[in-house]
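Here are a few short exercises to work through with the model open beside you. Try each task before reading its solution.

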Amino acid sequence: MEFVKVVKPGFFTTVQDLGRLQYQNLGISTSGAMDGLSLRLANLLVGNDEEDAALEATLIGPKLRFAADGVIAITGGDLSPALNGIPVPMWKSIRIRQDDELSFGNCVTGCRAYISIAGGIEVPPIMGSRSTYFRGHYGGHEGRALKIGDEIPIGNCRFNLYDIEGRRLQPGAIPDYRTDRPIRFIPGPQADAFTQESFEWFTSRPYDVTNESDRMGYRLQGQQLEHVNGADIISDFITVGSIQVPAIGQPIILMADCQTTGGYTKIGVVISVDLPYVAQKKPRDQIRFEAVDVTYAQELYAKREKMISGLKLLNRMLLV
């Protein structure tokens with residue numbers, strides 16, 4: 001088994017996959033990639049299964065040295081990746097050689113980049129996932145963010161490296177994190193707990209992402225929302241994308257490391273296809289909300305999954 005050595009860890013780089021969804025009924029956070037779409041696409045570009053573990057780099061990327069030849073792909077936010085000091089394209093599989101060094105520069109768009117390596121990252125799974133749950137100190141590489149000198153084990157690639165190098169996504173399949181766009185949500189389950197005027201404010205005025213935002217939740221600042229009869233409810237199930245509004249009247253979007261129950265009213269839930277766009281927001285970015293219905297959200301989800309199914313088919317054809 002080969003490995004990648006961490007020369008510099010970056011601001012906050014962790015091992016993530018698609019999380020541990022099957023333990024939410026036991027109060028276990030799903031964790032997993034904040035921008036699951038970018039992680040899936042990075043994995044498919046290098047011939048991995050879409051749920052394989054990769055590295056999630058936040059704002060300032062790491063510097064990595066590869067111990068063997070391989071193929072990598074970088075997706076998500078543009079943190080100015082470079083190989084041996086030369087800029088390299090994103091959303092494309094790239095051949096790397098032993099002792100090559102991958103580094104990052106300025107954060108150009110988004111704030112989270114995903115580095116997938118052919119063969120996947122082979123840290124031990126915890127409860128069915130290799131994702132790091134930082135608050136719980138488990139999963140990923142020793143339950144923490146990467147540090148200088150860490151050696152991250154890499155699995156065996158199923159393909160001839162020549163067959164998977166140079167692959168790139170069609171432009172229409174690449175999410176646009178540069179253009180400002182509304183974040184769509186489905187109203188409820190307690191949308192009627194807010195005054196009509198507050199709901200109109202929520203969908204017509206921008207909210208700033210505050211510095212008190214992390215993998216657990218994004219705290220927003222903007223027009224204060226008003227409840228009809230207070231903010232508290234009997235605790236119920238919450239999921240990634242839920243938009244809670246506590247008594248202070250400022251929304252919180254729950255993200256990958258969120259808890260599984262909560263006692264604040266929820267004005268809505270961000271639709272699945274827009275969660276990656278939330279994940280790529282950083283402090284001082286703005287978010288505008290747009291209400292959509294469940295049917296429309298499902299149509300968008302089906303369209304996205306059809307695109308990903310096509311990429312998965314290409315990988316299966318390489319194995320024939």
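**Exercise 1. Find the loop that holds Arg-284, then say what is unusual about its backbone.**

Step 1: Arg-284 sits in the loop between helix 4 (275–279) and strand 20 (286–287); helices (H or I, at least four residues) and strands (E, at least two) are DSSP runs, numbered from the N terminus.
Step 2: Its phi is positive, about 85°, although Arg-284 is not a glycine.
Step 3: Most residues other than glycine have a negative phi, and most peptide bonds are trans.

Before going on, note that this is a predicted model: local features need pLDDT of at least 70, side-chain atom pairs count only at pLDDT 80 or more, and totals for chains, interfaces and linings use all residues. Residues are numbered from 1 along each chain as its sequence is written, and side-chain values use heavy atoms, with hydrogens and water left out.

**Exercise 2. Look at the backbone at Asp-99 and at Pro-189.**

Step 1: Asp-99, in the loop between strand 8 (93–96) and strand 9 (101–104), has a positive phi near 75°.
Step 2: Pro-189 belongs to the loop between strand 12 (183–187) and helix 3 (196–202).
Step 3: The peptide bond leading from Gly-188 into Pro-189 is cis, with omega near 5°.

**Exercise 3. Describe how domain 1 and domain 2 meet.**

Step 1: Start with the bounds, which come from an automatic or database domain assignment: domain 1 is 3–174 and domain 2 is 183–298. Their C-alpha centres lie 28 Å apart.
Step 2: Count the contacts (heavy atoms within 4.5 Å): 26 residues of domain 1 touch 17 residues of domain 2.
Step 3: Turn to buried area, the accessible area (1.4 Å probe) that two parts lose on being put together, summed over both. Here that is about 1,600 Å², with carbon and sulfur atoms giving 52%. Gln-24, Met-34 and Arg-135 supply 36% of the area that domain 1 buries against domain 2, more than any other three residues.

**Exercise 4. Which residue forms a salt bridge with Arg-135?**

Step 1: Apply the rule: a side-chain nitrogen of Lys or Arg within 4 Å of a carboxyl oxygen of Asp or Glu. Two salt bridges cross the interface of domain 1 and domain 2.
Step 2: The partner of Arg-135 is Asp-214, and the closest N and O atoms are 2.7 Å apart.
Step 3: Now see which elements give two or more residues to the side of domain 1 that touches domain 2: strand 2 (12–16), strand 5 (70–78) and strand 10 (109–117). Strand 10 gives the largest share, four residues.
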